Amino acid sequence: MKSLRIAFRSRPVQTIIHNSFNSRLHIHSSFTRRLSCHSSLVLDEEAAPPRVEYQYNWIEDVESLEKYVPGGYHPVMIGDVIKRRYEIVGKLGYGGFSTVWLARDIEQQMYVALKIGASDSRMHETTVMKALSNARSCVSTTSVAASGADAIPAVLDEFTVDGPNGTHPCYTTAVAECNIRDCSFLKMFRLDVARVLALKLASSVAYLHGQGYVHGDIHLGNVMIKLNSGLGSLSVDQLYEKYGRPKTEDISRVDDGALIPNVPARAVRPLDLGKTASEISLTETNLLLVDFGESFAPAKTSRPCEDCRSYLAARPPECRFEPSSPLSFSADIWCLGIALWDLIAMKPLFNGQFVPADSVVAQQEDILGPMPSQWWNQWKKRLEYFDGEGNSTRGNDTCPPIDAAFDAWGQKYRAKHKSGVLSEDEKAAFVSLLSRMLCLDPRGRPSANEVLASEWMKNWAMPSFRQSFVDTPE
């Protein structure tokens, strides 16, 4: 799920829908500084009369407006009542195939998160979530294991809604006010808080894997914190008084034509219900792992590594070099390792912004060490980054090894933000754990339970976890 504060589109895109919303063909026109400058034709397989798909003027911090087409998003406005029960009072976020709204359940007099999928989306995630919820009774009563099971949101209601773009799968869950990726933007968690969040996230993955499921898209944007904000006691007017009214902006077509019914009249920006990372205390570290749209059970369903949907900088290397091999639990461990780095450090471990995929491969080689020899030999563009002996030819653009990278991109910023610096012993244990989780060969990565049993988790994360219960008020 996304609620990014900045979105970029580098060039306009001519879009022809060939079969469904999920199988678009993108044809880039010549580069221009304009964000959007044309309409395009949409053709179906039967050569029916062409349907014009309009382009809209770009609005910051909202979903792609061009996805309000048959097969795409459902148009929603503040004040709408869905299923004669859920009053829309704000937006929480959006993803490539869904929008998520803050709704007031009129029947239960409570706030819920309402996820509305694109009509062509394969919204099977409620099946996964229900299976995980039903298995909670079998979980160990130890507090660590329980925190993992409790991180899976329960489905409160499930239904479909019809609209101009089709029939859309919907479900509701409890509201988690704080997205970890957003709340840590330019901020850092206190060290004890970061340790607890790391342990609970690893525990949630261990629970998920123990039930036979791969998450498929682990990153801090899919990890929420359940704050004790008293949100449920507020009326809608009190909610707006505390957090501000939703910010909206008129949607307009690039060609200045009238809007069609498939598109809402106004775009809605996400509400900010949370705190910044530095404001979060040990008692506010209850988290939810969300967005199970890419989840699957390897024992029942086989998916190739090339089907991985993780963003470029977090994508496991086997997706590049072993694309036909089965995607499995080890891919989650790689993504979990990236997420743990992001919890503790300030700068990302790998830079995937505005760079080719081969640049990320080169960074992985710099930071983590030599890749398997068969991968090295099949990497056609390696000589653009390394000489024949495997030495970097990029000068100052070469990344440091992981321990030096942690000093430069983690420790230095933790000292600057006064968020707590890791001791040399803790740093060594943390870097050792990440080095194992980010083993380039997926067969060398630990299981989620082995991550929980690691030296860093036992000697540093666990004491902070226990302290979080001591600090909890009666």
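Here is a walk through this structure, from the whole chain down to a few single residues.

Keep in mind that what you are looking at is a predicted model. The protein chain holds 13 helices and 15 strands. It has 474 residues, and 52% of them are buried. About 21,500 Å² of the protein chain is exposed, with carbon and sulfur atoms supplying 51% of that area. As for how the chain folds back on itself, take the contacts with a separation of 6 or more: 67% of them link residues 24 or more positions apart.

Let's start with the inside. The largest nonpolar core counts 89 residues, and the members that touch the most others are F189, L340, W341, L343, I344, W379 and W456. Helix α4, residues 191–210, gives the most to this core, with 13 residues. If you want one residue to click on, try W456. Setting aside residues up to four places away in sequence, W456 touches R195, A198, I344, E426, A429, F430, L433 and A461.

Now stay with α4 for a moment. Of its 20 residues, 19 are buried, so this helix is largely enclosed by the rest of the structure. You can also check its length. At 1.5 Å a residue, the 20 residues of α4 should span 28 Å, and the end C-alpha atoms are indeed 28 Å apart, so the two values agree. Just after α4 comes G212, which takes a positive phi of about 90 degrees.

Helix α4 also leads us to a small piece of sheet. Here 3 strands make an open sheet in the order β11-β12-β15, with antiparallel pairing. At the edges stand β11 (178–179) and β15 (287–289); each has a single partner strand, so one side of each is left without a neighbour in the sheet. Helix α4 packs on this sheet, touching β12 and β15, and its direction makes about 35 degrees with that of β15. Strand β12, residues 223–225, pairs with β15 in the antiparallel sense over 3 bridges. To find the register, look at I225: its bridge partner in β15 is L287.

Next comes another sheet. In general, strands of a sheet pair through backbone hydrogen bonds, either parallel or antiparallel. In this one, 6 strands form an open sheet in the order β5-β6-β7-β8-β10-β9, and the pairing is antiparallel. The edge strands are β5 (81–82) and β9 (157–163), each of which pairs on one side only. Helix α1, residues 125–134, packs on the sheet and touches β8 (110–117), β9 and β10 (166–173); the direction of α1 makes about 25 degrees with that of β10. A second helix to look for is α5, residues 236–243, which lies across β6, β7 and β8 and runs at about 40 degrees to β6.

You can trace the pairings within that sheet one by one. Strand β6 (residues 86–95) and strand β7 (residues 98–105) are antiparallel and share 8 bridges. In this pair, E87 stands opposite R104 in β7. Over at β9 and β10, the two strands form a hairpin with 2 residues between them. They run antiparallel and are joined by 7 bridges, and V161 stands opposite H168 in β10. Strand β10 also runs antiparallel to β8, with 4 bridges joining them; there, T172 in β10 is the bridge partner of L114. As for cover, β10 is mostly out of reach of the surface, with 6 of its 8 residues buried.

Two single residues round off the tour. I116 lies in strand β8. Is I116 buried or exposed? Its relative accessibility is 0%, so I116 counts as buried. The C-alpha atom of I116 is 8.7 Å from that of F97, a residue 19 places away along the chain.

The other residue is R394, which sits in the loop between α9 (373–378) and α10 (402–416). Why does a residue with a relative accessible area of 18% go down as buried? The cut-off for buried is under 20%, so R394, at 18%, counts as buried. Leaving aside neighbours within four places in sequence, R394 is in contact with A362, D366, Y385 and F386.

Definitions and conventions: Residues are numbered from 1 along each chain as its sequence is written. This is a predicted model: local features need pLDDT of at least 70, side-chain atom pairs count only at pLDDT 80 or more; totals for chains, interfaces and linings use all residues. Side-chain values use heavy atoms; hydrogens and water are left out. Buried means under 20% relative accessible area, exposed over 50%, partly exposed in between (1.4 Å probe, protein chains only). Contact means heavy atoms within 4.5 Å. Accessible areas come from the Shrake-Rupley method with a 1.4 Å probe; for residues, only the protein chains shown count as cover. A nonpolar core is a set of buried Ala, Val, Leu, Ile, Met, Phe, Trp, Tyr and Cys residues joined through side-chain atoms within 4.5 Å. Two strands pair if DSSP finds at least two bridges between them. Axes are lines fitted to C-alpha atoms, for helices over the stretch in contact, and angles run from 0 to 180 degrees between N-to-C directions. The expected span of a helix is 1.5 Å times one less than its number of residues.
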